[in-house]
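Work through the two exercises below with the sequence and the model at hand, and try each task before reading its solution.

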Amino acid sequence: MAASPQNPAASGPRRKVSRHRGEGQWAAGHFTPLNGNEQFKKDDDGLNVRTRIETIYSKRGFDSIDPNDLRGRMRWWGLYTQRRPGIDGGKTAVLEPEELDDRYFMLRVRIDAGALTTQQLRVIGEVSQEFARGTADITDRQNVQYHWIRIEDVPEIWQRLEAVGLSTVTACGDTPRVMIGSPVAGIAEDEIIDATPALEEMKRRVLNNPAYSNLPRKFKTAISGSPLLDVVHEINDVAFVGVRHPEHGPGFDVWVGGGLSTNPKLGVRLGAWVPIEDVPDVHEGVISIFRDYGYRRLRNRARLKFLVADWGAEKFRQVLEDEYLGGRKLVDGPAPEQPVQQWRDHIGVHRQKDGRFYVGFAPRVGRVDGATLTKIADLAEAHGSGRVRTTVEQKMIVLDVEQDRVDSLVEGLEALDLTARPSTFRRGTMACTGIEFCKLAIVETKQRGSTLIDELERRLPDFDEPLTINLNGCPNACARIQVADIGLKGQLVLDDEGRQVEGYQVHLGGALGLEAGFGRKVRGLKVTADELPDYIERVLTRFRAERTEGERFAAWTARASEEALS
């Protein structure tokens, strides 16, 4: 099915080459690189940089790294340079990349579907403590991110991770990124279908595969058979959502073209029902469409969502069937049902289909450390579990706990400040990496989010409505600000005395799953970081005073006056 990136038309009929360079689509014969990123990818496959890291850069040090490897190909193995300390947010868009670069790296460990053994979690914790100054943040795509990594240590880290079946391959770069999946696949009592076999085959086909290592931009996959819609399927490039077909039984509804950043778009349904055995073919076909037809001229239009927006679902499905599935027609199918609850994070104690229990718990805005991860592994094993999971809400789950061990496990987690009974604010607040390490960030996020949780718990101790508060350090929406109840986009703002300080533009009423849509921006509404607790307390107090019976925060913000939201 797949053509080689070096000869992208090899697997299909030769198409007429147009002189018009268009959008840089390979399928239209536009093979000439139209920007620097496309050029360095053509010069050498990003997968090949591993050999140079192992044989040259790790031995000769940071200064020996080729710039195109440093700020390009090393991402194919999960490595980004982190932000040099002491550079304020006002300089983020002003300085050159080499001025922002520190001599240390962020390293992302891909954890597909959030699935970990306790042995793997312990190794992640040990690597954190030995090589990453204790850092080990849980992301909202189920990964773990280290910071302070030296290039000299990378080969040893890879050896440790790979010895227990973990990898950093294509954790970043213009590649198939981590495949997010339901963290309770195969164990939840209410599951429509266990997607695990399909996910494993999808990984086998596309990871570390040169046929898919030069995509126009990153490619994000989600798959879940949970009725909770627990993998934010609406904002992935391709998503497979568990549904029951009235004639064919359990399978998956296919979505394409979702994504956020500065030009957010919700995915669209292809209207196709796919049995689990065909999911890998469809997945490979969608990636191949992106590779061949995706826009490569401008980086800011290179995501699949722009192609889907231009083509529409009908044409996309037709091209998929005719050109990439060998003429096989997909079966029309139903849309997924709306979930019955707003929380989709699996927090708390839940019965498994085998009679045992899983326990979901909440770190603070995804921030943990290596020592804590090692203790979680020890605690899980002490209570009979050999499996843990990460979630797309920066949370974690211990699986396979016998009923008589549940209370003891919950108490052990509480002792680590990892509660299975979190407040609304602890449960619903997430944050991206922020200015502490990210070269794109303008403001701080992680500590701000943690402090905000404490302050809101103190001010509104009885607030128990489902609510999400997402903090992002820049406009790129890594923390999904547009689809949060309260989304906070970091920027520099003026305080009452006219000084430029850290602050946030506010988005209100976004949602996924339940009436998915983007948040409302109130004209001119920006809040300084110091004013943030006061602002959120004020808005939530008005919500409780004005809401109708059973009305959700997102629904209230859609009808509330600008004065009430200010």
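**Exercise 1.** Decide whether glutamate 551 is buried or exposed, and find its surroundings.

*Solution.* Glutamate 551 has a relative accessibility of 11%, and it therefore counts as buried, a word that stands for under 20% relative accessible area, with exposed meaning over 50% and partly exposed in between (1.4 Å probe, protein chains only). The model is a predicted one, in which local features need pLDDT of at least 70, side-chain atom pairs count only at pLDDT 80 or more, and totals for chains, interfaces and linings use all residues. Residues are numbered from 1 along each chain as its sequence is written, and side-chain values use heavy atoms, with hydrogens and water left out.

Next, locate glutamate 551 in the loop between helix H15 (532–546) and helix H16 (553–559); helices (H or I, at least four residues) and strands (E, at least two) are DSSP runs, numbered from the N terminus.

Then list the contacts (heavy atoms within 4.5 Å): leaving aside neighbours within four places in sequence, glutamate 551 touches Phe543, Glu546, Trp556 and Arg559.

**Exercise 2.** Give the strand order of the open sheet of 5 strands, and say which strands stand at its edges.

*Solution.* The order is S3-S14-S15-S13-S12, with antiparallel pairing, where two strands pair if DSSP finds at least two bridges between them. Strand S3 (115–117) and strand S12 (348–351) are the edges, and because each has a single partner strand, one side of each lacks a neighbour in the sheet.

Finally, examine one pair: S14 (residues 387–390) and S15 (residues 396–401) run antiparallel and are joined by 3 bridges, and threonine 390 is placed opposite methionine 396 in S15.
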